[in-house]
Amino acid sequence: MKAIVIEHAGGPEALQLKEVPTPQVKPGWSLVKVKGFGINRSEIFTRNGESPTVKFPRILGIECVGEVADTTDAAHLPVGQKVVSIMGGMGRAFDGGYAEYALLPNKQIYPVTTKLSWAELAAVPETYFTAYGSLFNAHIQTAKTLLVRGATSGVGSAAIKLAKAINPAVKIAGSTRSEAKFAELKQIGCDEPVVDSDGAVQTAAHFDAILELVGAKTLTNSLQHLQPRGYCCLIGGLGDEWTIKDFDPFVIPSGGSLTSFGSGFEVTEAKFNDMLQLIEDHHIDVKPTKTFDLAHTADAQAALDQPGSFGKVVVLP
Ligand SMILES: NC(=O)c1ccc[n+]([C@@H]2O[C@H](COP(=O)([O-])OP(=O)(O)OC[C@H]3O[C@@H](n4cnc5c(N)ncnc54)[C@H](OP(=O)(O)O)[C@@H]3O)[C@@H](O)[C@H]2O)c1
């Protein structure tokens, strides 16, 4: 099969298209014919050599969508079944989705029912599931106002679309470092785009719910914009800082909550299919902003990693 193999850390050019043996099933694992996969920020970190537990050579890719090609669980995962998979060591401890086939543990292959195209479905697993779970951790159902910090990211833009479907009355502010992205943010349902400048969001407003995707770099500032009894959910680290020096916990407002979300701990087949149903019922546009073929996976990563990037980038092998 063709696969994108990384043999040493580096820039996009470290991702090499190679011919490698198609993996064979083993007990507890099944083979998925990959029809698409999304590009994730964490894979760019790994490519750069910033994931010390990942040993090279490796086929990266923490998610994929496709069909079961060979199975060790014919009852639950029959050949031809449409499936998605995310996390669980995929593309890190074992080879992942950047390939024509992926050999995956049965326990993390989730059958799905959906009418979405492969390109649309490929944009969904890690990105939309993370946005979906984070919104519930931030109690989106009862929020009157939501701030998405890092709103132009794949997860951020997905969160804006899903939030309006779950709670149509919620007013959404979304932050970006670039005012040039305001129009695109408005187009996907963000009521008030705001500039994030030097780690401070340029608004005086306070919010019932906050999704923090920029991470440790801006968390204290986000908590200063949280309403009493509000919920702030920490999801990402776009700001590339992982700890907070001299953190003052009393920045959390009275009755407010600081929580987090980790997709690897939360995904189940039932929750994933509930989210797909929400997407279909509300005709949420999950089309990726850019698509590439397998041979151009390096370009797909580069596209996500440039200043104008917006939304989800997908590869269709
Ligand atoms: N907890 C989980 O389970 C989970 C799951 C998936 C992803 N994540 C995390 O969620 C975050 C978003 O992931 P993604 O794949 O959706 O990201 P992405 O699409 O790659 O994000 C791209 C956006 O990041 C922003 N950005 C880039 N560098 C930045 C910096 N130094 N400071 C602030 N913003 C910066 C840019 O926004 P502007 O230029 O418009 O400001 C850009 O539009 C990542 O940190 C990822 O690791 C967590």
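**Entry 1. Pairing in the small sheet**

I began with a definition: two strands pair if DSSP finds at least two bridges between them. I note also that the model I consulted is predicted. I then looked up S1 and S4, and I found two bridges joining these strands, which run antiparallel. Because at least two bridges are required for a pair, I recorded S1 and S4 as paired. As an example of a partner, I noted that Ile6 has Arg58 in S4 as its bridge partner.

I next asked in what order the strands of this sheet lie. The sheet is open and has three strands, in the order S2-S1-S4, with antiparallel pairing. S2 and strand S4 (58–59) are the edge strands, and each of them pairs on one side only.

**Entry 2. Strands S3 and S7**

I looked up how S3 and S7 are joined, and I counted five bridges in the antiparallel sense. Val32 has Ala102 in S7 as its bridge partner. I also recorded that S7 is mostly covered, with four of its five residues buried.

**Entry 3. The seven-stranded sheet**

I turned to the open sheet of seven strands, whose order is S12-S11-S10-S9-S13-S14-S15 and whose pairing is mixed. Strand S12 (200–201) and strand S15 (257–260) stand at its edges; each has a single partner strand, so one side of each is without a neighbour in the sheet. For S12, I looked up the link to strand S11 (residues 192–197): two bridges join them, and they run antiparallel. Within this link, Asp196 stands opposite Val201 in S12.

I then asked which helix packs on this sheet and which strands it touches. Helix H3 (residues 125–137) packs there, touching strand S9 (145–149), strand S13 (207–212), strand S14 (226–234) and S15. The direction of H3 makes about 155° with that of S14.

**Entry 4. Helix H3**

I checked the length of H3 by reasoning. The expected span is 1.5 Å times one less than the number of residues. With 13 residues, H3 should therefore span 18 Å, and its end C-alpha atoms are 18 Å apart, which agrees.

Is H3 mostly covered or mostly uncovered? I found it mostly covered, since 11 of its 13 residues count as buried, buried meaning under 20% relative accessible area. Among the buried residues are Tyr128, Phe129, Tyr132 and Leu135. After H3 comes His139, whose phi is positive, near 55°.

I selected Thr127, which lies in helix H3, for a closer look. Its relative accessible area is 2%, so I entered Thr127 as buried. Leaving out residues up to four places away in sequence, Thr127 touches Asn40, Gly154, Val155, Ala158 and Lys312.

**Entry 5. The two domains**

I consulted the domain assignment of the protein chain, which gives domain 1 (2–123 + 287–315) and domain 2 (127–263). The centres of domain 1 and domain 2, taken over C-alpha atoms, are separated by 27 Å. In the contact between them, 13 residues belong to domain 1 and 16 residues to domain 2.

How much area do domain 1 and domain 2 bury between them? I recorded about 1,000 Å², with 58% of it on carbon and sulfur atoms. Phe45, Phe310 and Gly311 supply 47% of the area that domain 1 buries against domain 2, more than any other three residues.

**Entry 6. Two loop residues**

I looked up Met87 in the loop between strand S6 (82–86) and strand S7 (101–105). With a relative accessible area of 24%, Met87 is partly exposed. Met87 and Gly264 are 177 residues apart in sequence, yet their C-alpha atoms are 5.4 Å apart in space. Apart from neighbours within four places in sequence, Met87 is in contact with Ile62, Gln108, Glu126, Ser263 and Gly264.

I then looked up Pro27, in the loop between strand S2 (15–19) and strand S3 (29–38). Pro27 has a relative accessible area of 76% and is exposed. Pro27 and Arg92 are 65 residues apart along the chain, and 20 Å separates their C-alpha atoms.

**Entry 7. Helix H9**

Finally, I examined helix H9 (residues 297–304), which is mostly covered, with six of its eight residues buried. These are Thr297, Ala298, Ala300, Gln301, Ala303 and Leu304. I asked what covers the buried residues of H9. The cover includes strand S1 (2–6), S2, S3, helix H1 (41–47), strand S16 (290–292) and strand S17 (313–315).

Methods. Residues are numbered from 1 along each chain as its sequence is written. This is a predicted model: local features need pLDDT of at least 70, side-chain atom pairs count only at pLDDT 80 or more; totals for chains, interfaces and linings use all residues. Side-chain values use heavy atoms; hydrogens and water are left out. Contact means heavy atoms within 4.5 Å. Axes are lines fitted to C-alpha atoms, for helices over the stretch in contact, and angles run from 0 to 180 degrees between N-to-C directions. Buried means under 20% relative accessible area, exposed over 50%, partly exposed in between (1.4 Å probe, protein chains only). Domain bounds come from an automatic or database domain assignment. Buried area is the accessible area (1.4 Å probe) that two parts lose on being put together, summed over both.
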